[in-house]
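Student: Could you take me on a close look at one part of this protein? I'd like a hairpin and whatever sits around it, in one connected walk-through.

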Amino acid sequence: MNLTSNEPFWLLKNGIINSYPSVSKNISTDIVVIGAGITGSLAAHQCINDGYKVVIIDKREVANGSTSASTCMLQYEIDVPLNRLIEKIGEDGAVTSYKACSKAIDDLEKLNIKIKSGSGFKKKDSLYLVNYEKDLQEMQAEFETRKKFGFDVKWLDNQQLIKQYKLSGFKGGILSKQAASFDSFRFTHDLLAYNLKRGLKIYDKTAILKRINYGGKIHFKTVDGFTVTTNKVIYCVGFEATELIDDNFVNILNTYAIAGEQNVINKELNNTLVWDSSKPYHYMRTTDDNRLLVGGEDEKYSTPDKKLSLLGKKTKALVKYANNSILNLNIKPDFAWCGSFGETKDGLPYIGTHKKFPNSFFVLGFGGNGITFSVSGMEMISAWLKGEEHQLQKFFKFGR
Ligand SMILES: Cc1cc2nc3c(=O)[nH]c(=O)nc-3n(C[C@H](O)[C@H](O)[C@H](O)COP(=O)(O)OP(=O)(O)OC[C@H]3O[C@@H](n4cnc5c(N)ncnc54)[C@H](O)[C@@H]3O)c2cc1C
């Protein structure tokens, strides 16, 4: 599967931060983490914290999957609004999932400080905009529900949106006090480098040919003919999980993003992430080098060629959206890229064990909250390794 176009913004901004060797001898360990994106780096960090010998393997360069293409908005708000999620899975599951995402933002901030990452992590507000009059009532009900369950929210009408944010054409919006943004590519590199010093073994450009379960252990044969033997595996393989698991659990989409020229943004958005209620939705945020990132225009997943061929058209659509939404903006895109994005039936991730994979755990953070879900995955991994239940387990499990 092709996860990104050639030029995601963060890859160009940061360049190659660190490169690691491929597997070139037989290895034995306690835990293998497959996939060295943000999810795998968090999983490996957790396992090192819990005292295990850990090896992380990626078939690409590390952090070169979706992690390099992400717009890295951290929100407690799941793609499915709280009211709808309550209807789908009940109050306990919906509120627990929303609260877990909120906590994940704080957990990630603490970790970012601890490892002294240069990811530009910044706490922000989040503004959920209403595009159409017909959605106003539902969004006001959503606002009331969030307030009822203790989320720090404020309702803004269209005049307040214009005055405070120069956002025009929207009918109203929910302002939330809990959100953040950062650079997940840089953070992943920093976290891997931090744990390399704590004993983590990191291998990139290592493709796995097959998995053999034998003698209570798992043996991975690499394409280069070496064997990696382990007691447990944590799969953090992102959207390519669909190549491993044949259940119909996620709908893969193509998504598009642009980064505008520097210093032409409206400063009102420096502390606020913005997304809207259109389907598929659009979103915007600023970067620490003063660019406006704009994303959306999702399409059904198609071949890499088709995905790329649409880049010009999608870039124009994102430019138009931003210029129509922000007063006096004339955004000029410096960078445009596309990536893969996963949508699940309830907006929740798949994190847990799978009956076809013994001694294995999957952390597949899909949707607009992929990264916050990956952070919640750390606690869930820790519970699994200890043989304990986790409160999110029943809401994120396969076959739910
Ligand atoms: C344009 C765009 C915007 C986004 N915006 C946001 C956002 O604002 N907020 C948010 O939370 N999320 C966002 N996401 C989603 C977010 O980027 C993902 O949830 C996150 O990056 C997933 O990280 P990951 O480590 O699970 O996957 P990846 O970064 O894809 O890492 C998986 C790794 O596994 C490796 N791998 C796969 N299969 C194998 C195998 N068999 N053997 C060895 N290695 C393997 C891959 O090479 C890859 O490096 C966005 C995504 C895109 C594309």
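Tutor: S13 and S14 make a hairpin with 5 residues between them, and Asn 290 in that turn has a positive phi of about 60°. Keep in mind that this is a predicted model.

The two arms, S13 (residues 283–286) and S14, run antiparallel and are joined by 4 bridges. If you want a spot to click on, Met 284 stands opposite Val 294 in S14. S14 (residues 292–300) also pairs with S11, again in the antiparallel sense, this time over 6 bridges. On that side, Leu 253 has Lys 300 of S14 as its bridge partner. As for side chains, in a regular strand they alternate between the two faces of the sheet.

Now for an oddity in the backbone. Glu 297 has a positive phi of about 60° although it is not a glycine, and its place is in strand S14. Is Glu 297 buried or exposed? Glu 297 counts as buried, because it has 21 C-beta neighbours inside 10 Å and the cut-off is 20 or more. Set Lys 205 beside it: this residue is not a glycine either, and its phi is positive at about 45°. Lys 205 lies in the loop between strand S7 (201–203) and strand S8 (208–214). With 17 other C-beta atoms within 10 Å, Lys 205 is partly exposed.

Step back along the chain from the hairpin and there's another backbone feature to check. The peptide bond from Lys 279 to Pro 280 is cis, with omega near -5°. Pro 280 sits in the loop between strand S12 (272–276) and S13.

S11 is a handy link to the ligand. Together with helix H2 (38–49), strand S15 (333–343) and H10, S11 (251–260) is among the elements that each supply at least two residues of the shell around the ligand. H10 gives the most to that shell, with 4 residues. In total 40 residues surround the ligand, and the closest are Gly 35, Gly 37, Gly 65, Gly 339 and Gly 370. By class, the shell has 14 nonpolar, 22 polar and 4 charged residues.

Where does that shell come from in terms of domains? It draws at least three residues from each of domain 1 and domain 2. Domain 1 takes in 17–69 + 185–248 + 347–396, while domain 2 is 121–179 + 251–343. Their centres, taken over C-alpha atoms, are 31 Å apart. As for contacts, 6 residues of domain 1 meet 6 residues of domain 2. The side of domain 1 that touches domain 2 has 3 nonpolar, 3 polar and no charged residues.

H10 also leads us to H4. The buried residues of H4 pack against helix H10 (370–386), and their other partners include strand S6 (172–181) and helix H7 (184–196). Among those buried residues are Gly 93, Ala 94, Ser 97, Tyr 98, Cys 101, Ile 105 and Leu 108. For reading that list, remember that an α-helix has 3.6 residues a turn, so residues three or four places apart point the same way. H4 (residues 91–114) has 24 residues and reaches 34 Å from its first C-alpha to its last, close to the 34 Å expected at 1.5 Å a residue. H4 is followed by Lys 116, whose phi is positive, near 55°.

Terms used. Residues numbered from 1 in each chain as written. Predicted model: local features only at pLDDT ≥ 70, side-chain atom pairs only at ≥ 80, totals over all residues. Expected span 1.5 Å × (residues − 1). Buried ≥ 20, exposed ≤ 12 C-beta atoms within 10 Å, placed from the backbone. Contact = placed C-beta atoms within 7 Å. Near = placed C-beta within 6 Å. Nonpolar A, V, L, I, M, F, W, Y, C, P; charged D, E, K, R; others polar. Domains from an automatic or database assignment. Pairing = 2+ DSSP bridges.
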